[in-house]
Amino acid sequence: MFFILSKLLAFLISPFNLSTIFIITSLIFKQYRKTIMTYGLSILMLFSNPFLFRCAIQAWEEAPQPLPTDLQTCRNVVVLGGMSSHHAPSNRIRFAQSADRLMQAIEMVKTNQSQHLIITGGSANIMLKQRPEAAALYDFLKNNWLADSLILIDTLSRNTHENALHTSHLFDDLKLKKEIVLVTSAWHMPRAKRCFEKEGFRVVPVGADFLSPLEKVTPGDILIPSAGILQNWDLLMKEWLGMAVYKLKGYI
């Protein structure tokens with residue numbers, strides 16, 4: 001129930017979805033059409049402004065730092081799923097933008113001769129039965145870059161809390177010291193780090209897949225709306241919602 005409810009709330013707080021609801025509602029209630037339509041278009045214009053999003057995301061994300069190079073620090077590298085999906089008919093993996101998480105993790109493991117790369121992620125799809133993401137990534141990595149003895153996986157977790165919980169169980173079973181480098185998207189790191197710390201880990205955070213722009217502000221960022229920024233707001237809004245819900249649930 002909690003999982004389904006969180007998906008519903010995430011849909012409702014999306015600026016694009018909220019704007020669409022207002023606009024459709026304005027077509028139904030003709031008496032208040034102008035007022036409701038104004039609300040919908042205002043939300044759309046406000047949250048498609050690149051400069052506003054830049055200010056918000058730079059306040060949220062930590063600035064990029066060099067990758068850790070200390071062998072002791074990088075002994076166990078944990079990377080969170082949510083970066084790929086398995087396409088069963090072709091038996092291929094489709095990588096998303098957040099696959100930068102995996103690239104950063106691989107570089108640390110290869111550079112520092114880490115003991116383990118731990119991939120945590122099952123299937124978050126509540127409608128379709130899919131192969132767990134971590135299992136598909138395990139096959140991909142052992143066939144390309146890493147020895148299978150280096151790779152540990154958690155195929156059960158569906159969210160960040162479960163990522164931390166099942167990884168903790170894995171470490172307990174293998175009697176591994178709970179000191180990790182945690183790799184996830186920079187916008188997701190504040191919640192992820194707290195979840196793992198809640199489970200007793202000492203965490204060195206390594207952000208990836210930054211939403212903060214690399215370029216300097218231009219007049220166009222202030223004046224010209226961007227449809228792509230609406231998608232970034234969806235990610236950030238869902239993360240803020242997740243942080244609030246996790247705090248209420250005692251996960252962080």
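Select C55 to begin: its relative accessible area is 40%, so C55 counts as partly exposed (buried means under 20% relative accessible area, exposed over 50%, and partly exposed in between, with a 1.4 Å probe and protein chains only). Next, select C195, which is buried, with a relative accessible area of 1%. How many disulfides does the structure hold? It holds zero, where a disulfide is a pair of cysteine sulfur atoms within 2.5 Å. In general, a disulfide is a covalent bond between the sulfur atoms of two cysteines.

A note on the source: this is a predicted model, in which local features need pLDDT of at least 70 and side-chain atom pairs count only at pLDDT 80 or more, while totals for chains, interfaces and linings use all residues. Residues are numbered from 1 along each chain as its sequence is written, and side-chain values use heavy atoms, with hydrogens and water left out.

**The whole chain**

Zoom out. The C-alpha atoms of the chain fill a box of roughly 65 × 40 × 40 Å, taken along the principal axes. Colour by secondary structure to find 10 helices and seven strands. Helices (H or I, at least four residues) and strands (E, at least two) are DSSP runs, numbered from the N terminus. Of the 252 residues of the chain, 42% count as buried. Among contacts between residues at least 6 apart in sequence, 69% join residues at least 24 apart; contact means heavy atoms within 4.5 Å.

**The sheet**

Select the strands β5, β4, β1, β6 and β7. In that order they form an open sheet of five strands with parallel pairing. Two strands pair if DSSP finds at least two bridges between them. Which strands are at the edges? They are β5 and β7, each of which pairs on one side only. Neighbouring strands of this sheet are turned by 25° against each other on average, direction ignored.

Now keep β6 (residues 179-185) and β7, which pair in the parallel sense over seven bridges. Pick V181: its bridge partner in β7 is V204. Then add helix α8, which packs on the sheet and touches β1 (76-80), β6 and β7. The direction of α8 makes about 155° with that of β6. Axes here are lines fitted to C-alpha atoms, for helices over the stretch in contact, and angles run from 0 to 180 degrees between N-to-C directions.

**Helix α6**

Select residues 133-142, which make up helix α6. Is α6 mostly covered or mostly uncovered? It is mostly covered, with seven of its 10 residues buried. These buried residues are E133, A134, A135, A136, L137, Y138 and L141. Show the surroundings as well: what covers the buried residues of α6 includes β2 (84-87), β3 (92-95), α5 (100-112), β4 (116-120) and β5 (151-154).

**Aromatic rings**

The structure holds nine aromatic pairs. Rings of Phe, Tyr and Trp (its six-membered ring) pair if their centres lie within 6.5 Å; planes under 30 degrees apart count as stacked, over 60 as edge-to-face and the rest as tilted. Select F95 and F140, whose ring centres are 5.1 Å apart with planes at 65°, so the pair is edge-to-face. F95 lies in strand β3 and F140 in helix α6, so this pair ties together parts that are 45 residues apart in sequence. F95 is partly exposed, at 32% relative accessibility, and F140 is partly exposed too, at 23%.

Move on to F171 and F201. Their ring centres are 5.2 Å apart and their planes at 80°, so this pair is edge-to-face. It links distant parts of the chain, 30 residues apart: F171 is in helix α7 (residues 160-174), and F201 is in the loop between α8 (189-198) and β7 (202-208). F171 is buried, with a relative accessible area of 0%, and F201 is buried, at 5%.

Stay at F201 and add K178, which lies over the face of F201, at 5.3 Å from the ring centre. A charge sits over a ring if NZ of Lys or CZ of Arg is within 6 Å of the ring centre and within 35 degrees of the ring normal. Select R191 next: its charged end sits over the ring of Y246, 4.7 Å from the centre. Then select F47, F53, W60, W233 and W240, which form one aromatic cluster.

**Two loop residues**

Select N91, in the loop between β2 and β3. N91 has a positive phi of about 55° although it is not a glycine, and N91 is exposed, at 57% relative accessibility. The last stop is K175, in the loop between α7 and β6. Phi of K175 is near 55°, a positive value in a residue other than glycine, and K175 is exposed, at 75% relative accessibility.
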